[in-house]
Amino acid sequence: LDGTLSLSKQEIDSIERQVKNQFHKAFWDLLVEDLKVDPPETGHIITLLEEVKTRINNLTPNNKRLHQTMDEEIDLDYLSRLIKGGHRVFDLEFLMGIVEFIFQDRLKVLSSVEDEERVERCYRELRQLADKSPLYYEIVPEIFKRIYYWIETIEEGIKAFKKNKMI
């Protein structure tokens, strides 16, 4: 070998996708293992909720009223104190209340008109899954995967809108 490596854009994209997929799989697997212990290690949920809040707030950077409502509905300091105090704050019903707020009051409002029904259906499916399988380690990863899917869908829609607006 002469020290040079030449890859096409398609090959680079494929490698990046594989690395991203493996990273995500490892993360979700770790989350499942942490939630399987008794009592479940719920610290990751705070981190995930913090990222979700930040990303949703970034979708409406100038709307301080929406940010304030988000802070009131998902008070991470309060939730962290409860967890550190040994309270089993994250029972499934409590978590599903937060999920309902995220889907109904944020993602549904921020999504395109065409996607509103799909966001609603996604929430109903999560609700049904939670009703059928109250096991934390089964439902929590699915909840956050779907929240991230919709945040990314909305982010891509905003990018496409801005790009088309500039043309």
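**Pockets, core and ring pairs**

Me: Which residues line the largest pocket?
Reply: This is a predicted model, so everything here is read off computed coordinates. The lining of the largest pocket is made of Phe 23, His 24, Phe 27, Trp 28, Leu 48, Glu 51, Arg 55, Lys 145, Tyr 148, Tyr 149 and Glu 152.

Me: Which elements give two or more residues to that lining?
Reply: Look at the lining numbers again: they include Phe 23, Leu 48 and Tyr 148. Helix α1 covers 9-36, α2 covers 43-59 and α7 covers 136-166. The elements giving two or more lining residues are α1, α2 and α7.

Me: How do the lining residues of the largest pocket divide into nonpolar, polar and charged?
Reply: Glu 51, Arg 55, Lys 145 and Glu 152 are in the lining, and Glu, Lys and Arg count as charged. His 24 is there too, and His falls among the polar residues because it is on neither the nonpolar nor the charged list. The split is 6 nonpolar, 1 polar and 4 charged.

Me: And how much space lies in the largest pocket?
Reply: We've met the residues around this pocket, Trp 28 and Tyr 149 among them. The space in the pocket comes to about 280 Å³.

Me: How many cavities of 30 Å³ or more are there, and which residues line the largest cavity?
Reply: The count comes to 1 cavity of 30 Å³ or more, and the largest cavity holds about 30 Å³ of space. Helices α2, α3 (64-73) and α5 each supply at least two residues of its lining, which divides into 4 nonpolar, 2 polar and 1 charged. The lining residues are Ile 56, Asn 57, Thr 60, Leu 66, Met 70, Arg 106 and Leu 110.

Me: Stepping back, how many helices and strands does the protein have?
Reply: From the N terminus on, the elements run α-α-α-α-α-α-α. The C-alpha trace spans about 60 × 45 × 30 Å along its principal axes. Tallied up, that's 7 helices and 0 strands.

Me: Which residues touch the most other members of the largest nonpolar core?
Reply: In soluble globular proteins, nonpolar side chains tend to be buried together. Here, buried residues make up 35% of the 167 residues, and the largest nonpolar core has 38 residues. The ones touching the most other members are Ile 102, Phe 103 and Phe 144.

Me: Which element gives the most to this core?
Reply: Several helices give two or more residues to the core: α1, α2, α4, α5, α6 and α7. One of them gives 10 residues, the most to this core, and that's α7.

Me: Leaving aside neighbours within four places in sequence, what is Phe 144 in contact with?
Reply: Phe 144 falls in the range of α7, 136-166. Its partners fall in the ranges of α1, 9-36, and α2, 43-59. They are Trp 28, Ile 45, Leu 48, Leu 49 and Val 52.

Me: What kind of aromatic pair do Phe 27 and Trp 28 form?
Reply: The structure holds 3 aromatic pairs. In this one, the centres are 5.0 Å apart and the planes make an angle of 75°. Over 60 degrees is the edge-to-face range, so the pair counts as edge-to-face.

Me: Are Phe 27 and Trp 28 buried or exposed, or partly exposed?
Reply: Buried means under 20% relative accessible area, and exposed means over 50%. Phe 27 sits at 27% and Trp 28 at 13%. So Phe 27 is partly exposed, and Trp 28 is buried.

Me: Which helices hold Phe 103 and Tyr 123?
Reply: Both residues are buried. Their ring centres lie 6.2 Å apart with the planes at 40°, so the pair is tilted. The pair ties together parts 20 residues apart in sequence, because Phe 103 lies in α5 and Tyr 123 in α6.

Me: Not counting residues up to four places away in sequence, what does Leu 59 touch?
Reply: Leu 59 is in helix α2, and at 14% relative accessible area Leu 59 is buried. From Leu 59 to Phe 161 is 102 residues in sequence and 13 Å in space, C-alpha to C-alpha. The residues Leu 59 touches are Leu 110, Ile 154, Glu 155 and Ile 158.

Definitions and conventions:
Residues are numbered from 1 along each chain as its sequence is written. This is a predicted model: local features need pLDDT of at least 70, side-chain atom pairs count only at pLDDT 80 or more; totals for chains, interfaces and linings use all residues. Side-chain values use heavy atoms; hydrogens and water are left out. A nonpolar core is a set of buried Ala, Val, Leu, Ile, Met, Phe, Trp, Tyr and Cys residues joined through side-chain atoms within 4.5 Å. Buried means under 20% relative accessible area, exposed over 50%, partly exposed in between (1.4 Å probe, protein chains only). Helices (H or I, at least four residues) and strands (E, at least two) are DSSP runs, numbered from the N terminus. Contact means heavy atoms within 4.5 Å. On a 1 Å grid over the protein atoms alone, a cavity is a set of points where a 1.4 Å probe fits but cannot get out, and a pocket is an open set with protein on both sides within 12 Å along at least five of seven lines; lining residues have an atom within 4 Å of a point. Grid points are joined across faces, edges and corners, and a volume is the space filled by probe spheres set on the points. Rings of Phe, Tyr and Trp (its six-membered ring) pair if their centres lie within 6.5 Å; planes under 30 degrees apart count as stacked, over 60 as edge-to-face and the rest as tilted.
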